[in-house]
Every structure is written in structure tokens, then in C-alpha cells.
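Here are my notes for a first look at this one. Have the structure open beside you and go point by point.

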Amino acid sequence: MKIRNAKFYKSVSALDQLPEEQFPEIVFVGRSNVGKSTLLNSLTGKKGLAKTSSTPGKTQLINYFVINDTCYFVDLPGYGYAKVGKGQKQEWGKLLGDYVRTRDRIALVVMLIDSRHPDMESDRHMMEFLQYYDRSFGIALTKYDKLKQKDKARAGHAVKSYSFKSKFIVNYSALSGQGKDELLEQLAMYTG
Ligand SMILES: Nc1nc2c(ncn2[C@@H]2O[C@H](COP(=O)(O)OP(=O)(O)O)[C@@H](O)[C@H]2O)c(=O)[nH]1
Ligand SMILES: [Mg+2]
């Protein structure tokens with residue numbers, strides 16, 4: 001897909017505030033600090049579209065972006081950050097989980113996995129969850145520029161070993177732009 005136009009639409013913090021299901025949605029999930037906001041900015045070519053942060057655990061909202069006036073990109077709350085209180089962590093888990101389970105117009109879930117930590121338990125749980133609820137999903141391995149050559153194959157293999165149902169695995173670097181065209185090409189199949 002070619003992104004001609006990307007606009008922030010709104011942020012919500014509870015399921016009763018969700019906007020109408022007027023567009024098909026590409027939903028982005030991943031651990032806190034995995035590089036989700038950075039990937040959204042890189043994909044859309046708009047640096048300040050999604051707020052990035054070097055402090056993990058900040059995004060507790062569902063953020064909607066309207067792409068080409070025809071689909072939503074949805075930035076869901078990050079998970080798996082150990083330093084927040086338990087209650088808060090569960091709360092995010094529920095908002096995220098309920099959204100992925102119940103939102104009708106999710107066309108695809110893009111799951112972001114940090115290429116340096118390809119076998120985190122929380123990521124495996126998220127993937128099991130997606131598979132259990134029969135959501136179509138693909139994987140972006142983020143921060144690929146940070147990998148040493150010898151770790152590149154390892155990252156791919158580790159993720160492949162537990163992501164049987166994934167539609168694609170794209171190696172992504174927001175720094176170099178690696179993977180951007182490939183990911184956009186994959187997304188095009190779900191936004192029609
Ligand atoms: N080197 C490198 N750093 C990245 C990349 N993507 C994200 N980061 C950094 O990772 C940190 C967290 O990114 P952010 O997008 O805020 O993560 P989020 O919590 O998942 O939204 C920031 O310091 C980013 O600059 C990447 O592809 N390469
Ligand atoms: Mg973010």
C-alpha cells in the first residue's frame with residue numbers, strides 16, 4: 001500500500017469510548033518499548049505522528065490513525081513491562097485483550113517483536129492469544145539494525161519456531177528503513 005495521507009484521529013482509554021467501526025483496521029501490538037510508535041512514524045513517513053519515548057510503559061491508550069481516509073492504524077497499549085503495578089498491568093492486559101477479541105473490523109494484527117529478544121514469554125502468550133481467537137497476524141522484528149550479523153538468523157529462527165500461523169515475518173529497522181516497503185506490501189492485502 002502507498003500511504004498518501006496519515007492523520008491522528010483520537011486516543012481512548014476504555015472500551016466504551018471506541019470510535020465507530022467505519023474502516024477496516026490494522027492493529028499494532030507489542031511489548032512496551034518494542035518500537036511500535038517509531039514503526040508507525042516510519043511506515044507513514046510522519047515523524048511526529050505517534051509519540052515515541054525512551055521511558056517504557058507510558059502508552060496506556062488506544063490511539064487511532066486514519067490512513068488514506070480509508071482505514072485505521074490502531075496503536076494498542078504495550079504489554080509486559082515489569083515495573084508497573086500489578087493492577088495497572090492487568091488493566092492494560094484487559095483493554096488490549098478485550099479489544100483484540102471483540103473488535104469486528106480488525107483485518108490484521110501486526111505483532112512487533114524486538115529482534116534482540118525473540119523468545120520472550122509475554123510475546124509467546126500474545127501469539128497464543130491471537131491464534132486462539134483466530135486473528136490473522138503477521139510479525140515485524142523491530143530494531144533489526146541493532147543486531148550483529150550472527151544474531152540475525154537466530155532471531156528469525158527463534159520466532160519461526162513458535163509462530164506457525166503468522167502470515168509474514170518482516171525484519172524491520174526504522175533507522176535504515178529496512179523492511180518498510182515489504183511491510184507496506186503485506187498490509188495492502190488487508191486494507192482493501
Ligand atoms: N536503533 C533503533 N532504535 C529503535 C528502532 N525502533 C525504535 N527504536 C527506539 O526504541 C525506543 C522505544 O521506541 P518507541 O517507538 O517509543 O516504543 P513503543 O513503546 O513500542 O511505542 C526509542 O528509544 C526508539 O528510538 C529501530 O528500528 N532501531
Ligand atoms: Mg508507543
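1. Let's start with what sits around ligand 1. By class, its shell holds 3 nonpolar, 8 polar and 4 charged residues; here Ala, Val, Leu, Ile, Met, Phe, Trp, Tyr, Cys and Pro count as nonpolar, Asp, Glu, Lys and Arg as charged, and the others, Gly among them, as polar. In total 15 residues surround ligand 1, and the closest are Asn33, Lys36, Thr38, Asp145 and Ala174; a residue is near the ligand if one of its heavy atoms lies within 4 Å of it.

2. A word on the ground rules before going on. This is a predicted model, where local features need pLDDT of at least 70 and side-chain atom pairs count only at pLDDT 80 or more, while totals for chains, interfaces and linings use all residues. Residues are numbered from 1 along each chain as its sequence is written, chains are lettered from A and ligands numbered from 1 in the order in which they are written, and side-chain values use heavy atoms, with hydrogens and water left out.

3. Which residue offers a polar side-chain atom to a nitrogen atom of ligand 1? That is Asp145, at 2.7 Å. On the backbone side, a polar atom of Asn33 is 2.9 Å from an oxygen atom of the ligand, and a polar backbone atom of Gly35 is 2.9 Å from an oxygen atom of ligand 1. The protein covers 80% of the 590 Å² of accessible area that ligand 1 has on its own (Shrake-Rupley method, 1.4 Å probe; for residues, only the protein chains shown count as cover).

4. Now look at Glu25, which lies in strand S2, residues 25-30 (strands are DSSP E runs of at least two residues, helices H or I runs of at least four, numbered from the N terminus). Is Glu25 buried or exposed? It counts as buried because its relative accessibility is 0%; buried means under 20% relative accessible area, exposed over 50%, and partly exposed in between, with a 1.4 Å probe and protein chains only.

5. Glu25 has polar company in there. Its side chain makes a polar contact of 2.6 Å with that of Tyr99 and another of 2.7 Å with the side chain of Arg103. A polar contact is a pair of N or O atoms within 3.5 Å; within protein, one must be able to donate a hydrogen and the other to accept it, and residues adjacent in sequence count only if both atoms are side-chain atoms. Leaving aside residues up to four places away in sequence, Glu25 also touches others, including Tyr64, Val74 and Leu108 (heavy atoms within 4.5 Å).

6. Next, follow S2 into the sheet. S2 pairs in the parallel sense with S4 (residues 71-75) over 4 bridges, and with S5 (residues 106-114) over 6 bridges, also parallel; pairing takes at least two DSSP bridges. Glu25 stands opposite Tyr72 in S4, and Val27 opposite Val109 in S5. Glu25, Val27 and Val29 point one way from S2, and Ile26, Phe28 and Gly30 the other way, with all of them buried. In a regular strand the side chains alternate between the two faces of the sheet.

7. S5 also runs parallel to S6, joined by 6 bridges, and Ile113 stands opposite Leu141 in S6. Strand S6 covers residues 137-142, and 6 of its 6 residues are buried.

8. Finally, try His117, in the loop between S5 and helix H3 (121-132). His117 counts as partly exposed because its relative accessibility is 41%.
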